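Work through the exercises below with the sequence and the 3D structure open. Each task sentence is followed by a solution in steps.

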Amino acid sequence: MLLGNLLGRRGISVAIIEKQPKPYNLPRAVHFDGEAMRVFQAAGLAEQVLPHTMVGRGMLFKDTHDNVVVDWSRDQEIGPMGWYESYRCHQPGIEDALRVGLDRFDHVSLHQGVAVEGISQDDEGVTVDLSDGRAVRAKYAVGADGANSFVLSALGIRLDDLGFKEDWLVVDLILKQPRPDLGDYSVQFCDPVNSATYVRGVGDRRRWELRLPDDRAGEPDAAEIWQRLSRWITPTDAELERDAVYTFRSCVAEKWRDGRVFLVGDAAHQMPPFMGQGMCAGIRDVANLGWKLAQVLDGGEDVLWSYESEREPHIRQFIELTVSLGKLINQTAAGETPKGKMQSIWPELGAGLGSRVGVGGALAPQVRAGDVLADDVAKQGFYVLAAREVESDLPVVVGAQDWLAQHGVAAVVVRPDGYVLEVFA
Ligand SMILES: Cc1cc2nc3c(=O)[nH]c(=O)nc-3n(C[C@H](O)[C@H](O)[C@H](O)COP(=O)(O)OP(=O)(O)OC[C@H]3O[C@@H](n4cnc5c(N)ncnc54)[C@H](O)[C@@H]3O)c2cc1C
């Protein structure tokens, strides 16, 4: 739906096929970052998304004696993306905003309650067979169909398993009365036996994620769930909204493209949720692919070859860090790890468009030009970000002097997805 909004805004015709007849009204992702917010802005939906969020305070990792071993606090000021560094979110609210956003475009249609059951392609386009007997013909198709992707298997693409596989119980609660003592930080309770995550959700929502033993018998019932939560909360304080067992995995598809068909999101990669980055990665995928598809469909240079080469090494950095955090969470007992601070990572894109010298391929900051954010000045096109006025055929935004000076450059060309295409000394 996000890709549908991004392409809709660029005037591209899109048909979205979703097998579920109704929205899935329960939360999964509870966090996204400032770069993801920049993509919602690119879809013209920042104002619609914001009411379903709150600014993220950060994450603490505690040992079995409740000592903080890693402090990953987030800035409480607007950051380089032009947005806060981290947001807590209520996913059904965000999905509603995306769905309503599609109504802006006569050329984008959403078909719910219909599954994709076949996919074939030729030199001119792709034919997608639907469960209701119809077929959709398009120039390109994008498999955004999640962890059990039909498109991935139909294309015969294998997943590169990066070795993490654990079962965790995810419990969403709604507070019946205030519990300020639980705090606004998310907390990773590191423990070699009973590791757990607490997440402060939006409004009265609170989440716990509890690691399950590999040799458990069956799914935990309500009594067992409350027993494991009793250290923090009881039924007097909160009601159970839902519980579900997830197998957290780490994997990357060996190919993200086959001819005219692309994979994005969990269909292309999966990681445990310890950094709150799985959905963010899918958001980056469609930000990267969206403007490239639109450019090619508008008759511009074919840059689609760069989608996988730019995105794949980028996501691997997140997966590797997430998996090492998972090890920390599952192995740290009291007193084993010295206290440290953690910073968010903002990796460069893998090889692709433009050079990778200096800040080439890095995420450019988004400054304000008066009341308007720079990406909006450029109407989600390319623009020059310069320390002072320069002549260019592209829109020029003056600002980010400190960042430019720090990297020894006078100006950069910023792509529609916010990454640096070209650098001028
Ligand atoms: C417990 C938990 C917590 C998480 N927390 C975070 C977090 O805080 N932050 C974060 O960034 N990420 C988080 N994630 C990861 C995030 O939820 C996923 O990465 C994200 O939902 C993937 O989005 P997607 O659109 O790729 O796939 P999905 O959300 O799985 O959507 C795929 C869609 O495709 C549809 N579909 C499937 N097959 C077909 C078919 N054949 N035809 C038509 N439609 C089909 C499905 O019905 C579904 O609607 C978390 C994940 C879990 C499990």
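**Exercise 1. The ligand**

Which residues around the ligand come nearest, and which backbone atoms lie at a short distance from a nitrogen or oxygen atom of the ligand?

Solution.
- Step 1. The model is predicted. In it, 27 residues surround the ligand, and the nearest of them are Glu18, His31, Val116, Asp266 and Met279.
- Step 2. Take the polar atoms of the ligand in turn. A ligand nitrogen is 2.8 Å from a polar backbone atom of His31. A ligand oxygen is 2.9 Å from a polar backbone atom of Met279. For Cys280, the distance between a backbone N or O atom and an oxygen of the ligand is 3.1 Å.
- Step 3. Now look at the cover. On its own the ligand exposes 1000 Å², and the protein buries 81% of that area.

**Exercise 2. The shell around the ligand**

Find which elements each supply at least two residues of the shell, and sort the shell by class.

Solution.
- Step 1. The elements are strand E1 (14-18), strand E15 (205-211) and helix H7 (278-297).
- Step 2. H7 gives the largest share, with three residues.
- Step 3. Sorted by class, the shell holds 13 nonpolar residues, seven polar ones and seven charged ones.

**Exercise 3. Helix H2**

Is helix H2 mostly covered or mostly uncovered, and what is found at its ends?

Solution.
- Step 1. Helix H2 spans residues 34-42, and nine of its nine residues are buried. Among them are Glu35, Arg38 and Gln41, along with Met37, Val39 and Phe40.
- Step 2. At the N-terminal end, Asp33 acts as a cap: one of its side-chain oxygens is 3.2 Å from the backbone nitrogen of Glu35.
- Step 3. Just after the helix comes Gly44, which has a positive phi of about 75 degrees.

**Exercise 4. Arg200**

Decide whether Arg200 is buried or exposed, then list its polar partners.

Solution.
- Step 1. Locate Arg200 in strand E14, which covers residues 196-200.
- Step 2. The relative accessible area of Arg200 is 14%, and the cut-off for buried is under 20%, so Arg200 is buried.
- Step 3. The side chain of Arg200 makes a polar contact of 2.9 Å with the side chain of Asp184. A polar atom of the Arg200 side chain also lies 3.1 Å from the backbone oxygen of Gly203.
- Step 4. Apart from neighbours within four places in sequence, the residues in contact with Arg200 include Met54, Arg88, Tyr185 and Arg206.

**Exercise 5. Ile319 and Ala425**

Are Ile319 and Ala425 buried or exposed, and what do they touch?

Solution.
- Step 1. Ile319 belongs to helix H8 (residues 306-331). Ile319 has a relative accessible area of 1% and is therefore buried.
- Step 2. Not counting residues up to four places away in sequence, Ile319 touches Leu162, Ser250, Cys251, Val252, His269, Gln270 and Met271.
- Step 3. Ala425 sits in the segment after strand E26 (420-424). Its relative accessible area is 89%, so Ala425 is exposed.
- Step 4. Ala425 is in contact with Gly408, Val409 and Ala410, leaving aside neighbours within four places in sequence. From C-alpha to C-alpha, Ala425 and Val409 are 4.4 Å apart in space, although 16 residues separate them in sequence.

**Exercise 6. Positive phi outside glycine**

Where are Asp66 and Ala400 found, and how accessible are they?

Solution.
- Step 1. Asp66 is not a glycine, yet its phi is positive, about 70 degrees. Asp66 is in the loop between strand E4 (58-62) and strand E5 (68-73). With a relative accessibility of 42%, Asp66 counts as partly exposed.
- Step 2. Ala400, also not a glycine, has a positive phi of about 55 degrees. Ala400 is in the loop between strand E24 (396-398) and helix H10 (401-406). At 15% relative accessibility, Ala400 counts as buried.

**Exercise 7. The whole chain**

What radius of gyration does the chain have, and what would a compact globule have?

Solution.
- Step 1. Count the elements: the chain has 10 helices and 26 strands.
- Step 2. For 425 residues, a compact globule would have a radius of gyration near 22 Å; the chain has 22 Å, so the two agree.
- Step 3. Of the 425 residues, 52% count as buried.
- Step 4. Among contacts with a separation of 6 or more, 70% come from residues 24 or more positions apart.

Note on methods:
Residues are numbered from 1 along each chain as its sequence is written. This is a predicted model: local features need pLDDT of at least 70, side-chain atom pairs count only at pLDDT 80 or more; totals for chains, interfaces and linings use all residues. Side-chain values use heavy atoms; hydrogens and water are left out. Buried means under 20% relative accessible area, exposed over 50%, partly exposed in between (1.4 Å probe, protein chains only). Helices (H or I, at least four residues) and strands (E, at least two) are DSSP runs, numbered from the N terminus. A polar contact is a pair of N or O atoms within 3.5 Å; within protein, one must be able to donate a hydrogen and the other to accept it, and residues adjacent in sequence count only if both atoms are side-chain atoms. A residue is near a molecule or strand if one of its heavy atoms lies within 4 Å of it. Accessible areas come from the Shrake-Rupley method with a 1.4 Å probe; for residues, only the protein chains shown count as cover. Ala, Val, Leu, Ile, Met, Phe, Trp, Tyr, Cys and Pro count as nonpolar, Asp, Glu, Lys and Arg as charged, and the others, Gly among them, as polar. The radius of gyration is taken over C-alpha atoms; the globule rule is 2.2 Å times the number of residues to the power 0.38. Contact means heavy atoms within 4.5 Å.
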